[in-house]
Amino acid sequence: MSRATYAVRETGTSLSTVFSNPSLRRLNLAFSGSAIGDWAYGTAMVIWAYDVGGARAVGIWYTVRLLLMTVVTPFASTIVDRMPRRLVMISTDLIRSAICLIAAALIWADAPPMAVFVLATIAPLIGAPFRPAVAALMPKLVNNPQELTAANGTASTIESLAFFLGPAIGGILV
C-alpha cells in the first residue's frame, strides 16, 4: 500500500471517528464554518485592498494585520482559559460577522478606505480566541484517547480544507 493511500485511509478513519461523536461533530462543524469564513473574508478584503491601493495597500495592510495577530493571539489564549469556551466561540464569530457586514456596507457606500482597513484588521483580532477555544474544548468532548488523536487530526484536515475552500468561496463571491 502506498503512503498516499495509507494517509487517505487514516484521514477517513479519523473523520469517521470524530463525526460519529455528536459533540465533536458540532464542534468541528463550527470550526469549519469559522475557518472557511475567515479565509473567504480575508480573500475578499485582499481583492478590495488591491482595487483601492494596489499591491502596496495589500502588503501594508497584511503586514499590519499579521503583526497585530502575533501580539494578540497569546493574550487571546489567556482569555479562553478564563471564560466558557462555547461563549467565546459564539461571541467572537457573532462580533466578527457584524464587523464584516459593517465593512461591506462601508465598501458599498464608498466610505473612506481607512475605515474599511481598520475594520478588516479588527475582525481577525476579535476572532483570535476561537481556535484556542476549540482546542481547549476538544479534550472535554472525547470518550477516549484515540478519539482525541482523531479529533486533533481532523482539526488539521479542516484547517487545510479551509485554506483552500475559503479563498475559493471568497473569490467566487467577489
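## Overall architecture

The protein has 6 helices and 0 strands. Bear in mind as you look around that this is a predicted model. Read from the N terminus, the elements follow the order α-α-α-α-α-α. Along the principal axes, the C-alpha atoms fill a box of roughly 55 × 40 × 25 Å.

Two chain-wide figures help set the scene. Of the 174 residues in the protein, 33% are buried. Among contacts with a separation of 6 or more, 78% are between residues 24 or more positions apart.

## Helix 2 against helix 3

A good place to begin is the pairing of helix 2 (residues 22-82) with helix 3 (residues 85-108). Their axes come within 7 Å and cross at roughly 165 degrees. An angle over 145 degrees counts as roughly antiparallel, and helix 2 and helix 3 are therefore roughly antiparallel to each other. Their crossing is right-handed.

On the helix 2 side, the contact is made by Leu27, Ala30, Ser34, Asp38, Tyr41, Met45, Trp48, Val80 and Asp81. Helix 3 contributes Arg85, Val88, Met89, Asp93, Arg96, Cys100, Ala103 and Ile107. Sorted by class, this contact holds 11 nonpolar, 1 polar and 5 charged residues.

## Helix 2 against helix 5

Helix 2 also packs with helix 5 (residues 130-141), and here the axes come within 5 Å, again crossing at roughly 165 degrees. Helix 2 and helix 5 are therefore roughly antiparallel to each other. Helix 2 passes helix 5 in a left-handed crossing, whereas the crossing of helix 2 and helix 3 is right-handed.

From helix 2, the residues in this contact are Ser23, Leu24, Leu27, Ala30, Phe31, Ser34, Ser77 and Val80. Their partners in helix 5 are Phe130, Arg131, Pro132, Ala133, Val134, Ala136, Leu137, Met138 and Leu141. By class, the contact divides into 13 nonpolar, 3 polar and 1 charged residues. Some helix 2 residues serve both interfaces: Leu27, Ala30, Ser34 and Val80 appear in the contact with helix 3 and also in the contact with helix 5.

## Helix 3 against helix 4

Next along the chain, helix 3 meets helix 4 (residues 113-127), with the axes 9 Å apart and an angle of about 165 degrees between them. That angle makes helix 3 roughly antiparallel to helix 4. The crossing of this pair is left-handed.

The helix 3 residues involved are Thr92, Ile95, Arg96, Ile99, Ile102, Ala103, Leu106 and Ile107. Facing them from helix 4 are Ala115, Val116, Leu119, Ile122, Ala123, Ile126 and Gly127. The contact comprises 12 nonpolar, 2 polar and 1 charged residues. Helix 3 has shared residues too: Arg96, Ala103 and Ile107 take part here and in the contact with helix 2.

## The loop at Asp110

Asp110 sits in the loop between helix 3 and helix 4, and its backbone deserves a look. Most residues other than glycine have a negative phi. Asp110, although not a glycine, has a positive phi of about 60 degrees. Asp110 is also exposed, with a relative accessible area of 71%.

## An aromatic pair between helices 2 and 6

The structure holds 3 aromatic pairs. One of them joins Trp39 and Phe163 edge-to-face, with 4.8 Å from centre to centre and 90 degrees between the planes. Trp39 lies in helix 2 and Phe163 in helix 6, so the pair ties together parts that are 124 residues apart in sequence. Trp39 is partly exposed at 31% relative accessibility, while Phe163 is exposed, with a relative accessible area of 53%.

## Along helix 6

Helix 6 (residues 145-173) offers two more residues to visit. Ala150 is found in this helix and is buried, with a relative accessible area of 5%. Leaving aside residues up to four places away in sequence, Ala150 touches Ser14, Thr17 and Val18. Its C-alpha atom is 21 Å from that of Phe164, which is 14 residues away along the chain.

Leu173 also belongs to helix 6, but in contrast to the buried Ala150, Leu173 counts as exposed at 70% relative accessibility. The C-alpha atoms of Leu173 and Met69 are separated by 25 Å, and the two residues are 104 residues apart along the chain.

Definitions and conventions:
Residues numbered from 1 in each chain as written. Predicted model: local features only at pLDDT ≥ 70, side-chain atom pairs only at ≥ 80, totals over all residues. Heavy atoms only, no water. Helix = DSSP H or I, 4+ residues; strand = E, 2+ residues; numbered from the N terminus. Buried < 20%, exposed > 50% of the residue type's maximum accessible area, 1.4 Å probe, protein only. Axes fitted to C-alpha atoms, helices over the stretch in contact; angles between N-to-C directions. Parallel < 35°, antiparallel > 145°, perpendicular 65-115°, else oblique. Left-handed = near helix turned anticlockwise from the far one by under 90°. Contact = heavy atoms within 4.5 Å. Nonpolar A, V, L, I, M, F, W, Y, C, P; charged D, E, K, R; others polar. Phe/Tyr/Trp six-rings, centres within 6.5 Å; stacked < 30°, edge-to-face > 60°.
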